[in-house]
Amino acid sequence: MNMHLSDRRIDKISLRKLCPEVFSDEDVSGSDIWLKNFAFVRGRDYTIEACSGSGKSSLCSFIYLNRHDFRGELLFDACDSRTFTTAEACAMRQRHIALVPQELRLFPELSAIDNIRLKNKLAAFRTEDEMLEMLDALGISSLAGRPVGQMSIGQMQRVAIVRALCQPFDFILLDEPVSHLDRDNNLAAANLILREARRQGASVITTSVGNPLIIPDAEIVRL
Amino acid sequence: MISKLLRKNISVVQFVAYALANLIGMAILLTSVQFYRDVRAQRSGGSDAAGEYLVLSKPVPMLSIFGGNQAAVSFSADEIDDLQSQPWVRKLGKFAAADYNVVAAVDFAGKIMSTAMFFESLPDEFVDIPLDNWTFDPDKPQIPVLIPRDYLALYNFGFASSRGMPQLSENLIAQIPLKVELSGNGRRDVFDARIVGLSSRLNTIAVPDEFMKWANSRYGSGSDSSSEPSRLIVEVSTPGDPAVAQWLDSHGIELSADKLNSGKTAYIAAVASAVVGGVGLVISLLSLMILVLSIYLLIQKNREKIRDLILLGYAPSTLARFYDRIVIGLNLGVTAGAVVVMLSVARLWRQPLAAVGIEFASPWLTLLLAIAIMLAVTAVSCLTVRRTINRAKS
């Protein structure tokens, strides 16, 4: 049983000589993360810059306890990520780590607000008003009732961001969250995410291949 | 909202097919079990339970007329052990013969009639009358006697009607005072005796074992006839089983009366209900396969959604509960339906038989079986749900 099923917060995600198994033959010497000792510390923000295929999404999956096909160690404070059962991983996803995956993984048959409610139900974290207010902050409150399948990718990205914010978290991972958004929407999203992260004392970890979420003080990490 | 997502690919046809198939299978199974139990109850509850007991003896050889040896018609200890080890023998008892002379007299409507006769005894557990009066006290000697029910019939319909004597009911016969004179070993005494019961199982005039021991020691010549009895009584666990008759045949043992036949009908009924019940069980098992397959398909079709829900933080057990609810609902319905069918079919055979005064087994055991099957089927399905979800998540 891992201690993070309790309400104790996670202060540090440590990566010890981490490397995806598929990269075992590749030269990763230019990376700040792969095969190095690195730590994400709660309270600081990070922007991971990388070319396509350098393993951003893999890194997000490892931290989200979704995949374990890596070498080295990944520790949440003192807990080895490999020791988590599926149920424990789900508990982590409910209370400690939020993710906006690159492919978004929204349910197209559900409306935007239902997609968000589905997440919110797990921890009963936000009120209905708060959810609508966040949609409004990203300029899509008028689309709340529309099935996600009928939305553009940019609109879906914003729904996914609001959904990820509807849970308590220590770290929020955003995998290219604004790739289809213009600068204004990028700023609006960054403001909302930062506001919620600061309110929760959490870290923002975002990845980008060229259109990063605009977080002024984020530490730039090369992958 | 989860159910809104997950119920999308539910195939109503598959679940209805399962429900129908399992309803049919379970209804057949439960009905045959109840039928079997009713038939059993009728046999052991009624007075005519002779089929379960066999009285065994050996054929008398020609030579014994000329004072041949007793050993040829008695059972040796080895033979008794052999018999005891047969799988169909539940209990075995030895008849003990009287080692003294018996003369019985009755004051019958003014006429004194007397006759030489004999006594046999056997262990109390084989006696098919209430055992309250089946005792003997040497200080207050009165001998309880058991006679075959056939004897009464012979007297009433053969002897009494031709001689102009009164016919006797079973109650009346117990009132007749008998005098029994025992002699042997230089003694001669007269005792009161009373017919305490009529047996349809025992084809002999029987007295309690404890009286027989007492009388043999008092009037007997001292030779111990009980160690090698010439007649045995056996309780058979599978009445009517052809194997019993075969074994007896091959060992040269005779049945004193062919009581096997009386058990045959019941045996056939039991076999028939076992076969029918087996068919029901097979149908139920096949329907279970439909259910397992439907669950598997449904979860496979919803694989992406299940994976996404788990990524969202929904534990697999939470998702499994959605499918559990479907399975439990289905199985509750099917079980209730099957029980209703069983009870209504049971009425069909119970009504005509109840008119004859036959009692039935209670349906509780059958209901318990239905619940047990439901729990087993539900457990298998819920296990399938969990296994399939766990496989779908990765």
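## Exercises on a predicted model

**Exercise 1.** Determine how many bridges join strand β3 (residues 46-49) of chain A to strand β8 (residues 203-208) of chain A, and whether the two run parallel or antiparallel.

*Solution.* In this predicted model, 4 bridges link β3(A) to β8(A), and the two strands run parallel. One position to inspect is A:E49, which lies opposite A:S208 in β8(A).

**Exercise 2.** Place β3 and β8 of chain A within their sheet, and identify the edge strands.

*Solution.* Step 1: the sheet is open and has 5 strands, ordered β6-β7-β8-β3-β9 in chain A, with parallel pairing. Step 2: β6 (97-100) and β9 (219-222) of chain A each pair on one side only, and these are the edge strands. Step 3: from one strand to the next, the twist averages 20°.

**Exercise 3.** Establish which strands are touched by helices α1 and α6 of chain A.

*Solution.* Step 1: helix α1 (residues 56-63) of chain A packs on the sheet and touches β3, β6, β7 (171-175) and β8 of chain A. The direction of α1(A) makes about 150° with that of β7(A). Step 2: helix α6 (residues 183-200) of chain A also packs on the sheet, where it touches β7 and β8 of chain A. The direction of α6(A) makes about 150° with that of β8(A).

**Exercise 4.** Describe the side of chain B that touches chain A.

*Solution.* Step 1: 13 residues of chain B are in contact with 13 residues of chain A. Step 2: α9 (303-312) and α10 (316-355) of chain B are the elements giving two or more residues to this side. Step 3: α9(B) provides the largest share, 5 residues. Step 4: by class, this side of chain B has 8 nonpolar, 2 polar and 3 charged residues.

Note on methods
Residues are numbered from 1 along each chain as its sequence is written. Chains are lettered from A and ligands numbered from 1 in the order in which they are written. This is a predicted model: local features need pLDDT of at least 70, side-chain atom pairs count only at pLDDT 80 or more; totals for chains, interfaces and linings use all residues. Two residues are in contact if their C-beta atoms, placed from the backbone, lie within 7 Å. Ala, Val, Leu, Ile, Met, Phe, Trp, Tyr, Cys and Pro count as nonpolar, Asp, Glu, Lys and Arg as charged, and the others, Gly among them, as polar. Two strands pair if DSSP finds at least two bridges between them. Axes are lines fitted to C-alpha atoms, for helices over the stretch in contact, and angles run from 0 to 180 degrees between N-to-C directions.
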